[in-house]
Structures are given as C-alpha cells and as structure tokens.
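Here is a short report on one protein model. Look at the strands first, then at the helices around them.

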Amino acid sequence: MQGVHGYHLRSDGGVRLELTPTTSSPLAIDISESTEMRIQRLITENPVIIFSRSACCMCHVMKRLLSSLGVHPTVIEMEEDEIGALSASQQEGGEGETVAPAVFIGGERIGGLESLVGLHLSGHLVPKLVEVGILAL
C-alpha cells in the first residue's frame, strides 16, 4: 500500500502527490490492483474525472470549461503505457476520437474535448452534472 508523503503545487494549478509505503492512509493504493481495475475504480469513485496525458492542452481546456460551471474534476495524468489500459477498460466513443484525454461523468464516458464541448453547447452538460449530484440548480 502507498500513502501521501508530500505534495508539490504545479504551474497549472494542480497538485503532484508523492507516495510512500503505508497501510494506514485513507488514500492507500493497492499496488496489486491492475491498471484496468484501478481505472474502473476511479471512474466509479469520482463523479467527474478526466484521464489525460501529461501537459495536455485539451485537458486544460476541459478543466477550464468545467471550472467555469463550478465543477472541479479529478484529473489523472497517465503514462503512455497506461493509456492503452484506458481504452481496454472503456470502449471508445466515436470513430477518430482520441482515447485520452477522456472525461467521465457519473461513471459514463462522455469522450474527449469535442464531445464535452458539444454536450455543453447542446445544453445537456449542466443537466447531466445536476443529475449526478455534482451541481445544484
């Protein structure tokens, strides 16, 4: 198991956690858990989560859009070898859509930046966020 040892503030407003072995932390991570299982667990535990590549500009736009609505998503930066696990654990949304960044709301894959913006422009994003209990009207 691992726990949070320290943290560093990032230039994009995020936080990078340093993990150390522990069994007492509520943030403990089971290292025997497969990447696919961890992704599924994170999707079910977080009402709004973005899986992203490191320093992804599309992820930044997704975070800004959600922040403008008062939602602060969990953001998981993935290594290239972990991105394959994301596509294995979830079917890709549409043809040509990238695997990462990908946003999930209420356990449902919304897709990438284009899908999120499309949902917002169609007027369906806020009702979806209200439906999963992350926003109140």
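In which sense do E3 and strand E5 pair, and over how many bridges? E3 and E5 (residues 102-105) pair in the antiparallel sense, over four bridges. Two strands count as paired if DSSP finds at least two bridges between them. Strands (E, at least two residues) and helices (H or I, at least four) are DSSP runs, numbered from the N terminus.

This is a predicted model: local features need pLDDT of at least 70, side-chain atom pairs count only at pLDDT 80 or more, and totals for chains, interfaces and linings use all residues. Residues are numbered from 1 along each chain as its sequence is written, and side-chain values use heavy atoms, with hydrogens and water left out.

**The sheet**

Strands of a sheet pair through backbone hydrogen bonds, either parallel or antiparallel. Here four strands form an open sheet in the order E4-E3-E5-E6, and the pairing is mixed. E4 and strand E6 (108-111) stand at the edges, each with a single partner strand, so one side of each has no neighbour in the sheet. On average, neighbouring strands are turned by 25° against each other, direction ignored. E3 also pairs with strand E4 (residues 74-78), in the parallel sense over five bridges. From E3 the chain crosses through helix H2 (residues 57-68) to E4, and this β-α-β crossover is right-handed. Right-handed means that, with the strands pointing away from the viewer, the path from the first strand over the helix to the second runs clockwise.

Some residues of E3 and their opposite numbers:

| Residue in E3 | Stands opposite | Partner strand |
|---|---|---|
| Val-48 | Ile-105 | E5 |
| Phe-51 | Ile-76 | E4 |
| Ser-52 | Glu-77 | E4 |

Why is E3 (residues 48-53) largely enclosed by the rest of the structure? Five of its six residues are buried. Buried means under 20% relative accessible area, exposed over 50%, partly exposed in between (1.4 Å probe, protein chains only).

**The helices**

H1 lies across E3, E4 and E5, and runs at about 140° to E3. Helix H4 (residues 113-121) packs on the sheet and touches E5 and E6. Its direction makes about 95° with that of E6. Contact means heavy atoms within 4.5 Å. Axes are lines fitted to C-alpha atoms, for helices over the stretch in contact, and angles run from 0 to 180 degrees between N-to-C directions.

In H1 (residues 35-45), Ile-39, Leu-42 and Ile-43 are buried. They cover an arc of only 100° around the axis, which puts them on the same side of H1. The arc is that of the directions from the helix axis to the C-beta atoms. The face of H1 turned away from its buried side carries the exposed residues Met-37 and Thr-44.
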